[in-house]
2 protein chains.
Amino acid sequence: MGKRIVIVGAVALGPKVACRLRRLDPEAEITVVDRDSLISYGGCGIPYYVGGDIPDIEGLCSTSSHALRDPEFFRRSKGVDILPRVEALGIDRQAKKLQVRHLDTGKEESLDYDKLVIATGATPFKPPIPGADFPMVFTVSNLHSARDIKEKISKGQVEKAVVIGAGAIGIEMAEALTDLWGIETTVVEMADQVLPAALGKNMSRIIENQLEKNDVKVMLSEKVEEIVGDPESGVTAVRTGSGTLDCDMVVMSAGVRPNTLFAKESGLACGRSGALLVDRGMRTTDPHIYAGGDCVELRNLVNGENMTMPLGSLANRQGRIIANNIYGRASKFKGTVGTFCIKVFDMAAAKAGLTFAQARDIGYDPVHSLVAQPDRAHFYPASKLMYIHLIADRKTRKILGIEAIGSQGDAVKSRVDSVAPLLQAGIDVDEVCVLETGYAPPFASAMDIINNAGNVLDNILEGKNITMDPVDFIRAFEKNEIQVLDVRDQNEIEPFIKKYGKRWMNIPQAELRDRLDEVPGDRPVCLVCGTGARSYECQVLLSQNGFDNICNVQGGHAMLLATAPKFV
Amino acid sequence: MGKRIVIVGAVALGPKVACRLRRLDPEAEITVVDRDSLISYGGCGIPYYVGGDIPDIEGLCSTSSHALRDPEFFRRSKGVDILPRVEALGIDRQAKKLQVRHLDTGKEESLDYDKLVIATGATPFKPPIPGADFPMVFTVSNLHSARDIKEKISKGQVEKAVVIGAGAIGIEMAEALTDLWGIETTVVEMADQVLPAALGKNMSRIIENQLEKNDVKVMLSEKVEEIVGDPESGVTAVRTGSGTLDCDMVVMSAGVRPNTLFAKESGLACGRSGALLVDRGMRTTDPHIYAGGDCVELRNLVNGENMTMPLGSLANRQGRIIANNIYGRASKFKGTVGTFCIKVFDMAAAKAGLTFAQARDIGYDPVHSLVAQPDRAHFYPASKLMYIHLIADRKTRKILGIEAIGSQGDAVKSRVDSVAPLLQAGIDVDEVCVLETGYAPPFASAMDIINNAGNVLDNILEGKNITMDPVDFIRAFEKNEIQVLDVRDQNEIEPFIKKYGKRWMNIPQAELRDRLDEVPGDRPVCLVCGTGARSYECQVLLSQNGFDNICNVQGGHAMLLATAPKFV
C-alpha cells in the first residue's frame with residue numbers, strides 16, 4: 001500500500017501538490033478535500049471576469065486546452081481524487097487522523113494520513129463596520145461571490161459603487177466596475193495613498209491620477225464609519241469621516257486573513273499574522289503536516305522577517321516543493337521578495353522588495369532615485385515614458401526595493417523582474433548600473449532606464465546629485481519657498497512662464513555656462529528639466545561653480561506631469 | 001591645470017566617458033577625436049531608419065529632447081570638446097602622446113595625455129568574395145552607409161536584394177528592406193540556421209519560418225562564391241554554391257572586426273579576436289590607456305572565456321566605469337553574459353548565456369527543455385504563445401543559457417532578463433523553478449512559463465520526462481521510425497488522423513488510464529499533445545506502467561507548428 005496523503009484545500013496549492021505527487025509516486029493514496037463545490041480556479045482572475053475580459057466563469061476553472069478542472073477531470077486525467085463539499089474539522093495529530101464533515105449529508109468521518117497538507121488559503125477580511133453584513137456588500141472571496149457581483153451588475157442593479165480599500169484587489173475591482181459597466185465608483189482608503197504596501201508616495205500619485213483620469217474617484221486618509229442601508233433591501237450609502245457617498249453596492253477589499261482555525265486548534269504554531277509557520281521544506285511545527293499558499297507565513301528575503309504573501313503564483317511554486325518533499329526529495333522554498341504587479345486601466349505598476357516607508361520603519365536609512373525615461377530607444381516610435389523608483393540602504397548601498405510604472409505593462413514588469421530575483425542575494429547599486437538586460441532599440445535604450453535608475457542613485461549616494469522629490473517640490477513651490485530654474489529650451493516652457501511669471505525662470509542648459517551670474521544666489525533654487533537628466537547636469541555645473549543652495553527635481557517635468565497633472 | 005584626457009572615438013563610449021568625466025571633474029582637459037564627421041549616434045537604430053520607423057537620420061543623433069548631438073551641443077551643454085574628422089595614427093606610450101591627422105587639412109599633430117581612452121569601435125567585416133567592392137554592395141557600418149542604402153532604395157533603384165549573413169544585423173536589414181519597401185530579399189547564411197550564435201536549432205526554426213512568412217527568403221548552409229556585376233554600374237546577382245540569385249543590392253552582415261590597428265602597433269595586447277585586452281577596470285596592458293566598447297574583449301561570465309560583444313548598451317555602461325576610474329573611483333566591469341534581443345517583424349527573440357552547441361563545444365554536458373505556453377494567464381484575452389529554451393549542465397544543474405521567442409516582444413525579453421543577471425552567479429535549475437517574477441493574470445501565469453521551463457528541465461534531469469525535440473521528431477516521423485500517440489481530444493486532432501492515418505493514433509489523456517492495452521509496446525512511441533504538458537503526464541503514466549520505449553515531443557503541437565508549419 002502506498003503512502004496516505006490527505007490534502008485540505010483544492011484551489012491552487014492543493015491540486016498542485018496532488019498532481020505532482022501522483023506523477024512522482026503512482027502508489028500514493030491521495031485524497032483532496034475542499035469545503036467548496038467549486039475547485040481549482042484562478043481566483044486572481046475574478047476582477048477580469050467581473051470586468052468582462054473573461055466572458056464566462058468557466059474560463060477561470062478550465063485548462064488552457066479548455067478542459068473543465070472538476071473532480072472528474074482530476075480523477076480521469078490526473079489520477080487524483082478530489083472530494084468537494086467536505087470540510088476539515090480538526091486534526092488528531094497523535095493518531096494522524098483528519099476529522100471531516102460532508103457538508104451535503106452532514107456525515108462526519110476521519111481520514112487517516114501519513115502526511116497531511118494544509119492548503120486552506122485565506123478569506124477576505126470584513127472590517128467590523130456597522131452594515132457590513134447587509135446585502136449588496138461583497139468581498140472578492142471566491143467564484144460564488146464573483147458570480148453574485150457580476151449578476152447584480154449585469155441586471156443593471158448597480159449605478160454607484162464604493163470600494164473599501166485601495167490595495168490590489170480594490171483597484172482591480174474599481175477598474176472592472178468602471179471600465180465595462182460605467183458604474184460610478186469611489187475607492188475609499190484609510191492610508192494617504194493607494195497601494196500603500198507596494199508603492200512610494202510619488203509613484204502612488206501616478207496611479208491615483210490614472211484612476212481619476214479613468215473616472216474612478218479616489219478618497220485617501222478616509223475611514224468608513226458606517227454602511228447605510230437595510231438588512232433586507234441592501235445598501236444606499238457609505239458614511240465616511242468626511243461625508244456620505246450614495247451607492248448601491250459596496251466591495252470590501254481590506255486584505256485577507258489566513259484560514260488556520262482548525263490547524264491552530266490542533267496546536268500547530270502560527271505567526272503574528274495568524275498564518276502557519278513553516279520551515280523551508282514547507283513543514284509546519286508537526287513534521288508530518290505540510291502547509292503552503294495563503295495560509296502560511298513566508299520569509300521576506302530582503303529584511304529577513306516573516307510576512308504573508310497571498311499570491312497564486314507563490315502557492316503553485318510551493319505546491320511543487322511540498323510534493324517533492326513528501327516524495328522524499330529535499331526541495332526548499334526560501335521565501336519571497338514580494339514581487340508584485342498590477343494592471344490599472346492602460347497602465348501597469350510593478351514592484352519588488354520594500355517600499356521606502358517600510359525600509360525606514362524597520363531601521364534602514366533608505367535613499368531613493370526617481371527616474372522618468374522612454375521605455376525603449378527614444379527614437380523608436382513605440383517608445384513611451386516609464387517611471388522607476390529605486391531604493392537602497394545608504395550605508396551598505398544594497399538595493400532594498402524597486403517600483404516601476406508605465407503604459408506598456410510587459411515592459412514595466414520586465415524592469416522589476418530583472419532586479420527582483422537578485423534582491424535576496426543582496427544586489428547593490430553598482431550592479432544595477434551595469435545590469436545586463438537585453439538591448440535592441442525596439443525594446444530598450446542603450447543606457448536603459450533600469451541602469452539609469454542605478455546611475456542616478458549612485459550619484460545621489462555620492463552626493464553629486466542633490467534632489468527634491470516631485471511631491472515635495474510641489475509643496476515647496478506652492479508655499480513659495482523655492483525659485484524654479486527651468487533649463488529646457490524656451491519653446492518648451494512658455495506656458496510655465498506665462499502661468500508663474502518670475503517664479504519660473506528659464507536659462508536653457510546650452511546657455512547656462514555663460515549666464516551663471518543670472519542664477520540667484522540668495523535663495524533656494526530648484527532646477528527643472530524634461531526628465532531630470534539635464535537639470536542634474538546643470539546642478540552639477542552650478543555646484544562646481546560654488547552654488548550651494550540648489551537642487552533638482554527627480555524625474556523632471558515628466559514626473560511632475562504624472563504625479564500632479566493639475567499643477568503643471 | 002587639470003588632467004589631460006584624450007579620447008579616440010565619439011560614437012557611443014567616447015562621448016559617455018567625456019560627459020561623465022566632465023561632471024566628476026570640472027578641471028579635466030578633455031579632448032575627443034573621431035575620424036568621422038558624424039558623431040554620437042545610435043548605430044543600432046540604422047535598420048529602423050532604413051525601414052522607415054525612424055523617418056530622419058537626425059533621429060539617430062539627437063537627444064530625447066530633440067537636441068542634435070553635434071560638437072556644438074557637446075561644447076555648450078556638456079562642456080566637452082569633440083574634434084570630428086581627426087584620425088588617430090599612433091601612440092607614443094613613453095611620452096604619452098597621441099599622434100593624429102586632421103583629415104580635412106592633412107595637418108598632423110600630437111596630443112599630450114595623462115590618460116588615453118580608445119573607443120574606436122569595430123568595422124563590418126567584408127568577406128573576400130570577388131565583387132565585394134562593387135557599387136551597391138553595402139555594409140551597415142555608419143550613418144553614411146545608412147544614408148546611401150536608404151537613398152538607393154527610396155529612388156526605386158532596388159527591386160531585389162541579397163543579405164549575406166543571418167546574424168542580428170542581417171535579419172534586421174532583411175526586415176527593413178522587405179517590410180517598408182517590398183524589396184524581394186534573400187538572406188544567405190553559411191550555417192545551417194539563422195542566428196547561429198544566439199539560438200538553438202529548434203528555436204531558430206521559428207525565426208526562419210517567421211522570416212519566410214514575411215516574404216524573406218532564407219537560404220541556409222549556403223556559401224556566397226561571387227558577387228556578379230560591374231565595378232561601374234553595380235551588381236546584378238550573387239552566385240552561391242547552389243545557384244545564382246538576381247539582385248540589385250547586396251548587404252553584407254558577416255560580423256565585425258575591432259578597430260585596433262594603431263593601438264596594436266603601439267604594443268597594447270590584443271586577444272584572439274584581435275580586440276584589446278582590458279582588466280575589470282577597463283585598462284589595457286598600459287595602465288594609462290583605457291579601452292571599451294566594440295574594440296575590446298570582455299569576459300564571458302558563464303564560461304569564463306574572453307569574447308567580443310559589440311553592443312551600444314555595454315559600451316555605454318563601460319563608458320561610465322572608465323570615467324569613474326580615470327577620476328579615481330574604483331569601478332569594475334566584470335564582463336557579459338551575452339544578453340541579446342531582436343525584433344523580427346511581429347515577433348521577438350531574446351537570449352542570454354550559451355547556446356546548446358556552444359555549451360557542448362566547450363565541454364559541458366548540456367541538457368535542455370523546450371516549453372510552449374501562453375505568455376500570460378491562459379484565460380486572459382491578450383495571451384499569446386511563447387517559446388522558451390532553457391539549457392543546464394547535467395552534472396551541476398547550473399543554468400548555461402536561456403532563449404525565448406514570442407509575439408509580444410517586451411514579454412519575451414522580460415523572461416530572459418529575469419534570468420540573465422543571475423547567470424554570472426551560477427543560478428541552478430531549482431532556482432528557475434521558483435524564480436519570483438511578478439504575477440497578475442494580465443502579465444503572467446500563476447505558474448509562469450519561466451518557472452515551467454525550470455520544472456520541465458528538472459523533470460528531464462531527474463529522468464522523469466523523456467523527451468524528443470521537435471526537429472528530431474519530424475525527422476524520425478518522416479523516416480517512419482516512430483509511432484505517434486496524440487493524447488489531445490479527438491476534435492483537436494482530426495486533421496492529423498486524416499493526413500497520417502494509423503501512424504498518428506489518438507487516445508485522449510482522460511481515457512489513457514483505461515486504454516493502456518491499446519498502446520503499442522513493440523515499437524517506439526512518441527507522445528504529442530498541445531504544448532507538451534499533457535504528453536509528459538501521459539508519458540509518466542506509461543512509464544509507471546512499464547512502457548520503456550516511449551518519449552514525448554517537447555513543446556507539443558505548438559512547437560511543431562512554430563518550427564515546421566508545413567509538416568503539421
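**Exercise 1. Determine how chain A is related to chain B in this predicted model.**

Solution. Begin with the superposition: a turn of 180 degrees, with a shift of 0.0 Å along the axis, lays chain A on chain B with an RMSD of 0.0 Å. The two copies are therefore related as by a two-fold rotation axis. Next, consider where the chains meet. Of the interface residues of chain A, 99% are also interface residues in chain B, so the copies meet through the same surface.

**Exercise 2. Describe the open sheet of chain A that contains β1, and place helix α1 relative to its strands.**

Solution. First, establish the strand order. The sheet has 5 strands, arranged β3-β2-β1-β7-β18 in chain A, and the pairing is parallel. Second, identify the edges: β3 (81-84) and β18 (289-291) of chain A each pair on one side only. From one strand to the next, the twist averages 20 degrees.

Third, examine the pairing of β7(A) with β18(A). Strand β7 (residues 115-118) of chain A is joined to β18(A) by 3 bridges, and the two run parallel. A:Leu116 stands opposite A:Ile289, a residue of β18(A).

Finally, add the helix. Helix α1 (residues 13-24) of chain A lies across β1 (4-8), β2 (29-34) and β7 of that chain. Its direction is at about 170 degrees to β2(A).

**Exercise 3. Assess the length and burial of helix α8 of chain B, and state what follows the helix.**

Solution. Start with the length. Helix α8 of chain B comprises 16 residues, 312-327, and spans 23 Å from its first C-alpha to its last. This is close to the 22 Å expected at 1.5 Å a residue. Then turn to burial: 15 of the 16 residues of α8(B) are buried, so the helix is largely enclosed by the rest of the structure. Just after α8(B) comes B:Gly328, with a positive phi of about 120 degrees.

**Exercise 4. Locate B:Met136 and B:Ser221, and decide for each whether it is buried or exposed.**

Solution. The background is that most residues other than glycine have a negative phi. B:Met136, although not a glycine, has a positive phi of about 70 degrees. B:Met136 belongs to the loop between β8 (122-124) and β9 (137-139) of chain B. A residue counts as buried at 20 or more other C-beta atoms within 10 Å; B:Met136 has 22 and is therefore buried.

For B:Ser221, phi is near 50 degrees, again a positive value in a residue other than glycine. The loop between β12 (216-219) and β13 (224-230) of chain B holds B:Ser221. The limit for an exposed residue is 12 or fewer; B:Ser221 has 12 other C-beta atoms within 10 Å and is therefore exposed.

Terms used: Residues are numbered from 1 along each chain as its sequence is written. Chains are lettered from A and ligands numbered from 1 in the order in which they are written. This is a predicted model: local features need pLDDT of at least 70, side-chain atom pairs count only at pLDDT 80 or more; totals for chains, interfaces and linings use all residues. Helices (H or I, at least four residues) and strands (E, at least two) are DSSP runs, numbered from the N terminus. The expected span of a helix is 1.5 Å times one less than its number of residues. Copies are superposed by least squares on the C-alpha atoms of residues with pLDDT of at least 70 in both. Two residues are in contact if their C-beta atoms, placed from the backbone, lie within 7 Å. Two strands pair if DSSP finds at least two bridges between them. Axes are lines fitted to C-alpha atoms, for helices over the stretch in contact, and angles run from 0 to 180 degrees between N-to-C directions.
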